[in-house]
Amino acid sequence: MIQSVAFIGMGAMGSRMAAHLVKHYDQVYVWNRNITKAEQHQQRYGTQAASLAQVAQADIIFSCLPTSQQVDEILNLLSPKSGSIWVDCTSGEPEAARQQAKRLAQSNVAFLDAPVSGQTIGAENATLTFMVGGERTAFDRAAPVMQTMGALIQYVGDSGAGFAVKAVNNMMMAIHLCAAAEGLSTLKAHGVDLDAALACINASSGKSVVTETIIPQKVLNRSFPKTFGLALLAKDTGIAVDLVRDARLSTPVTNLSHNLIQTASNMTQADVDFSTAVQLYETWNKLKIE
Ligand code: NDP
């Protein structure tokens with residue numbers, strides 16, 4: 001029976017996800033490296049800004065941090081109580097999940113890699129997709145809590161499988177982003193109106209989430225609001241490339257897309273939205289996708 005829930009990482013995703021928990025659980029502890037964000041969360045949503053010692057006493061601990069490295073750092077600082085479950089919603093590395101699961105099992109703590117998709121709007125509306133790897137019994141216990149933050153809670157296999165699915169999903173999104181940037185640059189160079197072109201594409205076989213939402217809402221209007229960092233996308237495509245290498249596959253589009261996203265990330269400030277990757281094409285081709 002889950003009574004107390006903790007959430008580590010009050011970033012763009014974590015803060016919105018944790019806000020739903022108070023509607024279902026009496027004790028919701030939130031922790032953030034910069035404690036001010038946890039205190040603001042407490043004030044705004046009625047959660048409880050907590051120390052890591054308090055977090056360790058929760059029946060279920062969620063985390064949503066940039067990479068598996070930060071999750072390891074926190075794991076070094078707290079020992080969850082026996083019988084609890086750690087649900088890591090970071091888009092992390094499959095091998096890290098296997099190691100983290102093994103390490104926590106020694107203290108009778110289950111670890112689930114449970115990355116999410118649906119962007120910040122999905123976190124806000126509790127419509128996220130959770131792709132979950134780890135022990136099935138732990139999944140069955142944790143699923144009702146994930147349900148309070150998501151629309152699809154999908155078990156995908158053993159430890160690491162959730163992180164693998166997320167990396168591949170984001171790699172496919174990155175490929176769509178590069179494809180859209182190339183297609184729309186071509187049309188722009190030929191003097192075609194991009195709003196009209198997108199109306200056709202979005203009613204045809206070339207459409208994707210990128211053409212349906214990212215390009216119209218972030219690129220064509222030149223707003224590029226930051227909801228998901230470009231450096232985080234480059235991290236995800238890098239994980240996908242690692243998976244390909246481990247399996248000794250030939251995936252030229254995956255490798256090239258990672259190079260493009262990593263190059264775009266290297267060329268810009270760390271804190272920009274992933275949609276700014278299209279500006280790489282704009283610079284090369286001396287045009288604007290607008
Ligand atoms: P943010 O950059 O908004 O937040 C990062 C969080 O991690 C902050 O709470 C930050 O704390 C904390 N943090 C950073 N470094 C450390 C550290 N060394 N020790 C402890 N805490 C640390 O990231 P997002 O919320 O956007 O992303 C989180 C994860 O979710 C990533 O893996 C990302 O790939 C994934 N994701 C993001 C989506 C999005 O649309 N944004 C969608 C789906 C998945 P502090 O406030 O102190 O800096």
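The paragraphs below walk through this predicted model, from its parallel strands to its ligand and a few single residues.

A word on conventions helps before we start. Residues are numbered from 1 along each chain as its sequence is written, and side-chain values use heavy atoms, with hydrogens and water left out. Because the model is predicted, local features need pLDDT of at least 70 and side-chain atom pairs count only at pLDDT 80 or more, while totals for chains, interfaces and linings use all residues.

Let us begin with strand S4, residues 60–63. Helices and strands here are DSSP runs numbered from the N terminus, with H or I over at least four residues for a helix and E over at least two for a strand. Strand S1 (residues 4–8) pairs with S4 in the parallel sense over four bridges; two strands pair if DSSP finds at least two bridges between them. Within this pairing, Val5 has Ile60 of S4 as its bridge partner. Side chains leave S4 in two directions: Ile60 and Phe62 point one way, Ile61 and Ser63 the other way, and all are buried. Buried means under 20% relative accessible area, exposed means over 50%, and partly exposed lies in between, with a 1.4 Å probe and protein chains only.

From S4 we can step to S5, which pairs with S4 in the parallel sense over four bridges. Ile60 stands opposite Ile85 in S5, and Phe62 has Val87 of S5 as its bridge partner. To get from S4 to S5 the chain passes through helix H4 (residues 68–75), and this β-α-β crossover is right-handed. The term right-handed applies if, with the strands pointing away from the viewer, the path from the first strand over the helix to the second runs clockwise.

Strand S5 covers residues 85–88; Ile85 and Val87 point one way from S5, Trp86 and Asp88 the other way, and all are buried. S5 also pairs with strand S6 (residues 110–113), in the parallel sense over four bridges. Here Ile85 stands opposite Ala110 in S6. The chain crosses from S5 to S6 through helix H5 (residues 94–105), and this β-α-β crossover is right-handed.

Further along the chain, strands S8 (residues 128–133) and S9 (residues 150–157) pair in the parallel sense over six bridges. In that pairing, Gly133 has Gly157 of S9 as its bridge partner. Helix H7 (residues 136–147) carries the chain from S8 to S9, and this β-α-β crossover is right-handed.

Now for the ligand. It is surrounded by 24 residues, and the closest are Ala12, Asn32, Arg33, Lys37 and Thr227; a residue counts as near if one of its heavy atoms lies within 4 Å. Several backbone atoms make polar contacts, that is, pairs of N or O atoms within 3.5 Å. A backbone N or O atom of Gly11 lies 3.2 Å from an oxygen atom of the ligand, and one of Met13 lies 2.9 Å from an oxygen atom of the ligand. In addition, a polar backbone atom of Thr227 is 2.7 Å from a nitrogen atom of the ligand. On its own the ligand has 910 Å² of accessible area, and the protein covers 86% of it, as found by the Shrake-Rupley method with a 1.4 Å probe.

What about the cysteines? A disulfide is a covalent bond between the sulfur atoms of two cysteines. Here a disulfide is counted for a pair of cysteine sulfur atoms within 2.5 Å, and the count comes to zero. For Cys64 the closest cysteine sulfur is in Cys89, 5.9 Å away, so the two are too far apart for a bond. Cys64 counts as buried because its relative accessibility is 15%, and Cys178 counts as buried because its value is 8%.

A few single residues round off the tour. Leu78 is found in the loop between H4 and S5, and at 6% relative accessibility Leu78 counts as buried. Phe224 has a positive phi of about 40° although it is not a glycine. The place of Phe224 is the loop between helix H10 (209–219) and helix H11 (230–246), and at 12% relative accessibility Phe224 counts as buried. Lys286 has a positive phi of about 55°, although it is not a glycine. Lys286 is in the segment after helix H13 (278–285), and at 75% relative accessibility Lys286 counts as exposed.

Key. Polar contact = N/O pair within 3.5 Å; in protein donor to acceptor, adjacent residues only side chain to side chain.
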